[in-house]
Amino acid sequence: PRPPQDLDGPFARQCQDPRIAAAQPREKAAFVMLARNSEMDEARQTIQNIEAQFNQWFHYPVVFLNNEEWDAEFVRELNASVSGKAIFEVIPKEDWSYPSWIDPAKARQSMAQQDKSGVWNGGKESYHHMCRFYSGTFYTQPALAPFRWYWRLEPGVRYTCAITYDPFVEMARHGKSYGFTIALWEEPNTCPTLFRAIDDFRTQHRLPASATWNAMLDTDSWSRQPWPVRKLLGLLARPHHARSGDRWNLCHYWSNFEIADLDFFRGKAYQSLFRHLDRQGGFYHERWGDAPVHSLAVHLLLPAGKLHHFSDFGYHHEPFFQCPGNAPGGQLPGNEALGNGEWSAESEGAIGCRCQCPDQRRRNNRGICLD
Ligand code: GDP
Ligand code: MN
């Protein structure tokens, strides 16, 4: 049998001369960063980092999005940091507020309750708006209309290896739609009815429970039980757990990093799923995150071959990082494969997390890693 890497191996296994990819035809693509004016320093660090590791050769534009007017200082500083075009947009009010069918007073009551019961960011109204925005209205922003692909950045994230090929071009060449670095388990109290809502959409639209969809099911604790046990558990469980085989394993891709096809997310299937979810009210009465929404959606609507794990990207967003499994520095016992781990100051310098590419850049001292 072919090893699973053959289905979705890294697009490159060694540092390339980035000038080779940079000289090839490009995709219509942009970085996108949602940020607040108060995050200027962190935003600049992220841009300086992605410029050093990638964009100094490729010069892709960066679209900065904010729900408020941009400070002149933010615009000036970030303009000076991006080697491509920097575009500063303000999100229309209706894309960052309650939909008409949500009563804000009731929503705020729910949020206070979420806060009391310890839901992560459940008490923060702006966080709910942000998650709803990134789940749906983000994709139809006019500022993104010229582009086919986006690469999501956040203030404060860090790339720890040089990226010496064009991931947009490789996504297109390999027929990929959604790329991620880190997969995690969702906190179940943020979205107790999300999986049920998406599975209802699946049933209403007669979408098959594909192998990719089934990969999101909690097969260990549920489907592998003999049927009398499933039946009994079904009677005891909460309603959204009541059908056999429909429990989510909580797996999701961490959406602070994404390289994905806008056409998929702007398309009819995804947008109609988003509207279905929006009508349920779970972006406010629960704290549905855009990460589980995206993840469950791509598993429902795409075959697994359209997903890509950027296992060769060194990536850090507090408190997690990914160590590249295919970089020479990553090939240590226990770190051969998908190097997700809890971040700690000690592990930052550990050899298992060191990427060979920056070392090579230092050696030839030209900002290019050559074998
Ligand atoms: P976490 O990663 O889930 O802890 O959430 P973050 O606080 O990093 O927020 C995710 C993204 O949304 C980041 O890019 C933030 O800059 C952005 N963001 C969150 N809340 C707001 C907000 O109220 N206004 C704006 N403009 N951006 C926000
Ligand atoms: Mn973040």
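**Exercise 1. Helix H7**

Task: In this predicted model, find which residues of helix H7 (residues 194-204) are buried, and name helices that help cover them.

Solution.
Step 1. Go along H7. Leu194, Phe195, Arg196, Ala197, Ile198, Asp199 and Phe201 are buried.
Step 2. Look at what lies over these residues. The cover includes helix H12 (268-280), helix H13 (282-285) and helix H14 (290-301).
Step 3. Go just past the end of H7. There, Arg206 has a positive phi of about 50°.

**Exercise 2. The annotated glutamate**

Task: Locate the residue that UniProt lists for "active site", and explain why Glu258 counts as buried.

Solution.
Step 1. Consult the record. The UniProt entry, which is unreviewed, lists Glu258 under "active site". Such an annotation may be inferred rather than shown by experiment.
Step 2. Place Glu258 in the fold. Glu258 belongs to strand E9.
Step 3. Apply the cut-off. A residue is buried if 20 or more other C-beta atoms lie within 10 Å of its own. Glu258 is buried because it has 22 C-beta neighbours inside 10 Å.
Step 4. Set aside neighbours within four places in sequence. Glu258 is then in contact with Arg152, Gly179 and Phe180.

**Exercise 3. Strand E9 and its partners**

Task: Work out how E4 and E6 pair with E9, giving direction and number of bridges. Then decide whether the faces of E9 are covered or open.

Solution.
Step 1. Take strand E4 (residues 149-153). E4 runs antiparallel to E9, and 4 bridges join the two. In this pairing, Trp149 has Asp261 as its bridge partner.
Step 2. Take strand E6 (residues 178-180). E6 is also antiparallel to E9, with 2 bridges between them. Here Tyr178 is partnered by Ala260.
Step 3. Check the two faces of E9 (residues 258-261). Glu258 and Ala260 are on one side, Ile259 and Asp261 on the other. All four are buried, so both faces are covered.

**Exercise 4. The shell around ligand 1**

Task: List the residues around ligand 1, sort them by character and name the helix that gives the most.

Solution.
Step 1. List the shell. It holds Leu34, Ala35, Arg36, Glu39, Asn66, Asn67, Ser126, Tyr127, Met130, Glu154, Pro155 and Asn256.
Step 2. Sort the list. The shell has 5 nonpolar, 4 polar and 3 charged residues.
Step 3. Look for the top helix. Helix H5 (residues 125-135) gives the most, with 3 residues.

**Exercise 5. The whole chain**

Task: Describe the protein chain by its helices and strands, its buried share and its contacts.

Solution.
Step 1. Count the elements. The chain has 16 helices and 13 strands.
Step 2. Take the buried share. Of 371 residues, 38% are buried.
Step 3. Take contacts with a separation of 6 or more. Residues 24 or more positions apart account for 79% of them.

Note on methods: Residues are numbered from 1 along each chain as its sequence is written. Chains are lettered from A and ligands numbered from 1 in the order in which they are written. This is a predicted model: local features need pLDDT of at least 70, side-chain atom pairs count only at pLDDT 80 or more; totals for chains, interfaces and linings use all residues. A residue is buried if 20 or more other C-beta atoms lie within 10 Å of its own, exposed if 12 or fewer, and partly exposed in between; C-beta atoms are placed from the backbone. Two strands pair if DSSP finds at least two bridges between them. A residue is near a molecule or strand if its C-beta atom, placed from the backbone, lies within 6 Å of it. Ala, Val, Leu, Ile, Met, Phe, Trp, Tyr, Cys and Pro count as nonpolar, Asp, Glu, Lys and Arg as charged, and the others, Gly among them, as polar. Two residues are in contact if their C-beta atoms, placed from the backbone, lie within 7 Å.
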